[in-house]
Amino acid sequence: MNQWEVFVMDMSELAEGKDLEISIRTLNPGKQKYTYKHVRAQVSSTLDKFPDQLQVRMGRGQLSQAKFSIKVIEEIRRLPPQYS
Amino acid sequence: MSKISAPRSNREFIEACVKAGDAVRIKQEVDWENEAGAIVRRACELGAAAPFMEKIKDYPGFSYFGAPLSTYRRMAISLGMDPASSLPEIGKEYLKRTNSEPIAPVLVDRKDAPCKENILMGADVDLCKLPVPLVHDGDGGRYVGTWHAVVTKHPVRGDVNWGMYRQMMFDGRTMSGAVFPFSDLGKQLSEYYLPRGLSCPFATAIGLSPLAAMAACAPSPIPEPELVGMLSGEPARLVKCETNDLEVPADAEIIIEGEICPDYKVEEGPFGEYTGYRTSPRDFRVTFRVNCITYRNNATMTISNMGVPQDEGQLLRSFSLGLELEKLLRSQGIPVTGVYMHPRSTHHMMIVGVKPAYTGIAQQIAQLAFGSKLGPWFHMVMVVDDQTDIYNWDEVYHAFCTRCHPENGIHIYRNTTGTPLYPFATPHERKYSIGSKVLFDCLWPVDWDKTNDVPTLVSFKNVYPKDIQERVLANWESYGYPQVK
């Protein structure tokens, strides 16, 4: 199980039941902790619905009490090829 | 100029601070995740010695140096002065050196550049190999650049700019940062690179000599490599980058080379800011793609922890903004007695002492200050007369509360340049960097009769004959009072 975190300005950004395009950062221990991926994912407030856990922070870093499970469908590579 | 013996590298600076009792060596392991940041924050809030953390969890061989210039003592050490030097003495020395002849930097061979001792290129490039700290819990990411210089060059004019633009690690090869449109880099990007869709080469230098950091932080019109030379009394040692034609401080601890992407942005923030708040929202910001990392053996990463006063951002920016404004006002013939920003104003209030020579002089000062390149960094100007000690907040506050006419002495300037970091700004103002400014004119009006209209200041120094003052001072301890230091 992976642990992820997302920053939102409003909880409505985490709509359930549809594909979301969001930047999430890993909370798994290690040197990569807090690095980001931009992904297509689904989230659910049912914590055992999806394999990974998602923690939420608001726009100024406040930790939300809300918890979600998350399924990362794919990583989205937005980086233009000239920078790869 | 007499020989200056200022620390020439971050390492020499740490040694000098330890020797003076202004840095402590922390031998036990410190976690890069929050713990190091918390130590630095507490040191800032206590005005304590700078922490030199020699053992970092997960990163053997690296160390941290926190709060490098968050006290005037360490600022004096950085200039090669007695740590006990007073603020006016430090300011006078800064003005003397920065009004001297520019000293051009020298380019050294890469074999003489310690920053080239380790080089990561291609697939080896990974910011996670550096001990990038999570400075505050709840920050949007680990911040690579908190006390550093982002080096760029205008491709046509050749202007070199070193600026302190915060940089967050997004992933192993990407950083994002806040670059205000009115900053030197912001202007360079909007004027040249973005309209052409060209990437802008950059190099981030971390673990600079304290005077190089001071130059990167100072809003001076002098190119930073020359300014470093003027401050230190000898040429700055630079070396060519590995992947672009920029030149970076050869003695820096870590160099990160890459390009600023004109067509790709990732999120940045939130971050604990110099105002003492997390104000600017998370947003898509200027994005830095990393192509190469070089670093010294046993590299030391510098950490500034911004928050409530006082940290080096507040202290140094207050210091340099005030002195640069003093230079500007003097160049315009304004009879100023001094300019000072109290660091605890988080460099938002400029206090100007002036001889009230003519009507409107306070407004002239405010217009010059707000209209200058320095202006976007502060929103309050308070003008007091030449009898008020601008370094003594008690005197300034008394002048403000008693001489500033609520109707005639407060002048508001609307729709000026602002920043998204202003805590008082509305969400709309933050989004569009809309500011407003205020002048507090604490001068007695020139058209008041000096004998009959201007109130008499009732103070020990002002109302007693000199012989009485001398007698009381001479007898003070015999009256039963302790000695006044």
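## A helix across the sheet

In this predicted model, helix H10 of chain B, residues 393-403, lies across E18, E19 and strand E21 (434-441) of chain B. The direction of H10(B) is at about 95 degrees to that of E19(B).

Helix H8 of chain B (residues 312-331) also packs on the sheet, where it touches E17 and E18 of chain B. Its direction makes about 155 degrees with that of E17(B).

## The sheet of chain B

The strands just named belong to an open sheet of 5 strands in chain B, arranged in the order E17-E18-E19-E21-E20 with mixed pairing. Strand E17 (336-340) and strand E20 (410-417) of chain B each have a single partner strand and stand at the edges, so one side of each is left without a neighbour in the sheet. On average, and with direction ignored, neighbouring strands are turned by 15 degrees against each other.

Strands of a sheet pair through backbone hydrogen bonds, and the pairing may be parallel or antiparallel. Strand E18 (residues 349-354) and strand E19 (residues 380-385) of chain B run parallel and are joined by 6 bridges. Within this part of the sheet, B:Gly353 has B:Val384 of E19(B) as its bridge partner.

## An enclosed helix

Helix H7 of chain B (residues 224-232) is largely enclosed by the rest of the structure, because 8 of its 9 residues are buried. The buried residues are B:Glu224, B:Pro225, B:Leu227, B:Val228, B:Gly229, B:Met230, B:Leu231 and B:Ser232. They pack against helix H4 (87-98), strand E8 (160-163), helix H6 (210-217) and strand E12 (237-240) of chain B. Just after H7(B), B:Gly233 adopts a positive phi of about 80 degrees.

## A proline in the preceding loop

B:Pro219 is located in the loop between H6 and H7 of chain B. With 19 other C-beta atoms within 10 Å, B:Pro219 is partly exposed, since a residue counts as buried at 20 or more.

B:Pro219 and B:Ser320 are 101 residues apart in sequence, yet their C-alpha atoms are 6.9 Å apart in space. When neighbours within four places in sequence are left aside, B:Pro219 is in contact with B:Ser320, B:Leu321, B:Glu324, B:Lys373, B:Leu374 and B:Trp377.

## The contact between the chains

The contact between the two chains takes 22 residues from chain B and 19 residues from chain A. On the side of chain B that touches chain A, strand E9 (167-171) and strand E14 (254-268) of chain B each supply at least two residues. E14(B) gives the most to this side, with 4 residues. By class, this side of chain B has 8 nonpolar, 4 polar and 10 charged residues.

Conventions
Residues numbered from 1 in each chain as written. Chains lettered and ligands numbered in written order. Predicted model: local features only at pLDDT ≥ 70, side-chain atom pairs only at ≥ 80, totals over all residues. Contact = placed C-beta atoms within 7 Å. Nonpolar A, V, L, I, M, F, W, Y, C, P; charged D, E, K, R; others polar. Buried ≥ 20, exposed ≤ 12 C-beta atoms within 10 Å, placed from the backbone. Pairing = 2+ DSSP bridges. Axes fitted to C-alpha atoms, helices over the stretch in contact; angles between N-to-C directions.
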